[in-house]
Amino acid sequence: EGIKGYASGVIYSEDGYIITNDHIYSEVPSAKFKIHTHDGNIYSARFIAGDTRSDLAVLKVDSSGFYPATFGNSDELKFGEEVVAIGRPNDATSSSSITGGYISFLNRRVSNSTSYASKLIQTDSAINPGSSGGALVNMYGQVIGVASSKIASVTYEGMAFCIPSATVKDIVDQLISQGYVSGRPTLGIEGEALSSFYQHYYRMPAGLYITYVQPGSDAYSKGIENGDMLLSINGH
């Protein structure tokens with residue numbers, strides 16, 4: 001009952017850690033998770049942690065004996081390399097489907113709903129609703145990406161984006177070990193560039209007009225406030 005959503009996932013470990021997308025539960029309050037495996041079994045899963053920026057999340061089934069996927073090195077991918085996307089585009093009870101295609105672009109910067117741009121793999125393999133979180137696999141049977149998004153438009157066709165396996169392993173290992181992703185630099189500010197008209201009319205210098213300072217950030221602790229102008233960084 002209530003709001004339901006369907007997505008795919010990748011088994012990460014023999015003891016039941018599963019990778020999927022973070023966005024799949026964004027519209028489901030107090031989400032609970034059921035895992036349908038290829039052999040017809042159904043498991044309850046616990047939410048471990050999620051990361052909005054990378055669009056990755058980790059679930060855990062309290063069981064063992066799973067067959068984890070083998071991961072390849074996404075840094076070794078080549079343009080034109082054949083790949084297949086595996087997922088369940090209809091619903092959780094359907095059989096998995098495979099769609100074939102090629103690597104169309106590497107390190108494509110794509111912004112998600114958080115306005116954070118990630119370097120993703122672009123492929124023309126079809127990724128449909130329900131296939132989010134599924135595996136992008138090379139011809140050696142290795143997972144080299146996790147399906148994340150696509151451009152859905154009558155103007156575009158065959159433009160799907162996957163999170164590279166190198167990014168997946170780094171993010172997922174941190175989510176499992178500490179529950180969050182560390183080491184990301186951030187200024188803690190939002191701002192807008194002023195047009196030449198505003199600079200002249202209000203006698204303001206060229207720079208970034210700060211519209212928001214995140215409480216607790218480094219910028220906040222240094223005394224930066226709304227309405228300040230950022231004129232240079234490291235002398236530039």
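The expected span of a helix is taken as 1.5 Å times one less than its number of residues. Helices (H or I, at least four residues) and strands (E, at least two) are DSSP runs, numbered from the N terminus. The model is predicted: local features need pLDDT of at least 70, side-chain atom pairs count only at pLDDT 80 or more, and totals for chains, interfaces and linings use all residues. Residues are numbered from 1 along each chain as its sequence is written, and side-chain values use heavy atoms, with hydrogens and water left out.

**Exercise 1. Compare the expected span of α1 with the distance between its end C-alpha atoms.**

Step 1. Helix α1 covers residues 165-178.
Step 2. At 1.5 Å a residue, its 14 residues should span 20 Å.
Step 3. The end C-alpha atoms lie 20 Å apart, which agrees.
Step 4. After the helix comes G179, with a positive phi near 85°.

**Exercise 2. Determine the strand order of the open sheet, and explain why β1 and β3 each have one side without a neighbour.**

Step 1. Two strands pair if DSSP finds at least two bridges between them.
Step 2. The five strands follow the order β1-β2-β5-β4-β3, with antiparallel pairing.
Step 3. β1 (10-11) and β3 (33-36) are at the edges and have a single partner strand each, so one side of each lacks a neighbour in the sheet.
Step 4. β1 is joined to β2 (residues 17-20) by two bridges; V10 has I19 of β2 as its bridge partner.

**Exercise 3. Identify the strands that α1 touches and the buried residues of α1.**

Step 1. With contact meaning heavy atoms within 4.5 Å, α1 packs on the sheet and touches β2, β4 (42-51) and β5 (56-61).
Step 2. Buried means under 20% relative accessible area, exposed over 50%, and partly exposed in between (1.4 Å probe, protein chains only).
Step 3. The buried residues of α1 are S165, V168, I171, V172, Q174 and L175.

**Exercise 4. State which strand gives the most to the lining of the largest pocket.**

Step 1. On a 1 Å grid over the protein atoms alone, a pocket is an open set of points with protein on both sides within 12 Å along at least five of seven lines; lining residues have an atom within 4 Å of a point.
Step 2. Of the 49 residues that line the largest pocket, the closest to its centre are A7, G9, K34, I35 and H36.
Step 3. β1, β2, β3, β6 and β9 (135-138) each supply at least two lining residues.
Step 4. β3 gives the most, with four residues.

Definitions and conventions. Axes fitted to C-alpha atoms, helices over the stretch in contact; angles between N-to-C directions. 1 Å grid on protein atoms, 1.4 Å probe; cavity = no way out; pocket = protein on both sides within 12 Å on 5 of 7 lines; lining within 4 Å.
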